[in-house]
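Visitor: Could we go through the helix packing in this model, and then look at any pockets?
Guide: Certainly; the structure is shown below.

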Amino acid sequence: MSAQFEMVGIRQMPKEVPFKKEKWYQGKPVLAIGILIFIIAGCLCCNLFITKDPAYLDLANCSVAPGREFFFGTDAMGRDIFSMIWYGGRISLLIGMAATLISTAIAIIFGSFSGCAPKWADMLLMRLTDIWLSVPDLLIIILIQAVLGKADQLSLSFVIGITSWTSIAKVVRTEVRRLRSSEYVIASKCMGGSFFHVLWRHLTPNFISSIMFMVVMNIRSAMIAEATLSFMGIGLPVGVISWGTMLSLAEQALLTNAWWIIVLPGMFLLVTLLCITSIGNYMRKKGDGRHSNL
């Protein structure tokens with residue numbers, strides 16, 4: 001029968017392939033999100049399952065290897081590393097998020113002002129941003145922290161935050177220049193809306209998705225900066241427990257062959273950073289796909 005249809009120039013329609021519904025978790029960093037939630041929940045609720053004081057100096061058990069009594073061993077001062085990791089994670093995550101909030105706020109205000117400014121002012125602000133970008137962030141952080149004096153959680157979050165806003169600001173500026181001619185923005189200005197009213201009600205909701213992956217990556221960068229400064233001995237003091245200050249004991253760990261002092265906190269920091277990176281990359285790809293469909 002099919003041969004007869006082909007002889008008269010009629011082709012059979014191909015069979016429809018049944019649509020296979022994509023599962024909700026496909027293509028999403030489910031594992032990274034799950035691990036990150038577990039780590040954050042463990043750090044926030046560690047007082048519910050931690051029985052040892054992370055700051056207690058048990059001089060009779062210095063540099064003890066992992067075992068039944070000390071799951072992750074002890075450091076050179078006899079402190080329980082298992083307790084220190086969970087309590088120290090609070091400080092590292094707090095600095096990362098606080099610094100990101102500061103840098104995001106600066107970036108949104110600066111980038112929006114540049115995007116709405118006249119051409120000459122916009123060029124001037126962008127040249128200043130390029131000059132700031134040309135200087136390594138770590139050098140600026142060290143300089144400002146030296147001016148402020150002894151580091152603590154608030155000062156370190158502030159210093160890291162005010163030095164890591166430039167990349168987000170350039171993206172915000174580009175988005176604002178694209179949105180500033182929209183009808184709803186012009187109407188809001190004609191009705192007497194101030195700069196911050198237009199920014200908060202009309203501009204930010206439309207470009208926030210474009211910078212979310214950069215905001216997530218800034219949390220990672222802030223945590224790396226805190227760990228780097230503490231490792232170099234110019235960050236948080238040793239008495240303040242964080243993943244960075246725990247890594248600052250690496251020299252003692254290498255001299256005494258106590259590998260657990262540096263490896264276990266380093267693994268927690270590395271896994272957290274990898275999870276944040278995976279989530280940030282997913283958000284970037286999702287944003288790129290959304291823009292390509294416009």
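**Helix contacts and the largest pocket**

Visitor: Which residues of H4 meet H7?
Guide: This is a predicted model. On the H4 side, the contact is made by Asp122, Met126, Thr129, Asp130, Trp132 and Leu133. Their partners in H7 are Thr166, Ser167, Lys170, Arg173 and Arg177.

Visitor: And how many of those are charged?
Guide: Five residues of the contact between H4 and H7 are charged, alongside three nonpolar and three polar ones.

Visitor: At what angle do H4 and H7 pack?
Guide: Helix H4, residues 119–134, packs against helix H7, residues 166–179, at an angle of about 155°. Their axes lie 10 Å apart. Angles over 145 degrees count as roughly antiparallel, and H4 and H7 are therefore roughly antiparallel to each other.

Visitor: Is that crossing left-handed or right-handed?
Guide: H4 passes H7 in a left-handed crossing.

Visitor: Let us turn to H2 and H3. How far apart are their axes?
Guide: The axes of helix H2 (residues 30–44) and helix H3 (residues 81–116) are 8 Å apart, and the packing angle is about 110°. H2 is therefore roughly perpendicular to H3. The crossing of H2 and H3 is left-handed.

Visitor: What residues make that contact?
Guide: H2 contributes Phe38, Ile39, Ile40, Gly42, Cys43 and Leu44. In H3, the residues they meet are Trp86, Gly89, Arg90, Leu93 and Met97. By class, the contact of H2 with H3 has eight nonpolar residues, two polar and one charged.

Visitor: Now the pockets. How much space lies in the largest one?
Guide: The largest pocket holds about 300 Å³ of space. It is lined by 17 residues, and those closest to its centre are Asp137, Thr163, Ser164, Ser221 and Ala225.

Visitor: Which elements give two or more residues to the lining?
Guide: Helix H5 (137–148), H7 and helix H9 (195–232) each do so. H9 supplies the largest share of the lining of the largest pocket, with seven residues.

Visitor: And how does the lining divide by class?
Guide: The lining of the largest pocket has nine nonpolar residues, seven polar and one charged.

Technical notes
Residues are numbered from 1 along each chain as its sequence is written. This is a predicted model: local features need pLDDT of at least 70, side-chain atom pairs count only at pLDDT 80 or more; totals for chains, interfaces and linings use all residues. Side-chain values use heavy atoms; hydrogens and water are left out. Axes are lines fitted to C-alpha atoms, for helices over the stretch in contact, and angles run from 0 to 180 degrees between N-to-C directions. Helices (H or I, at least four residues) and strands (E, at least two) are DSSP runs, numbered from the N terminus. Angles under 35 degrees count as roughly parallel, over 145 as roughly antiparallel, 65 to 115 as roughly perpendicular and the rest as oblique. A crossing is left-handed if the near helix is turned anticlockwise from the far one by less than a right angle, and right-handed if clockwise. Contact means heavy atoms within 4.5 Å. Ala, Val, Leu, Ile, Met, Phe, Trp, Tyr, Cys and Pro count as nonpolar, Asp, Glu, Lys and Arg as charged, and the others, Gly among them, as polar. On a 1 Å grid over the protein atoms alone, a cavity is a set of points where a 1.4 Å probe fits but cannot get out, and a pocket is an open set with protein on both sides within 12 Å along at least five of seven lines; lining residues have an atom within 4 Å of a point. Grid points are joined across faces, edges and corners, and a volume is the space filled by probe spheres set on the points.
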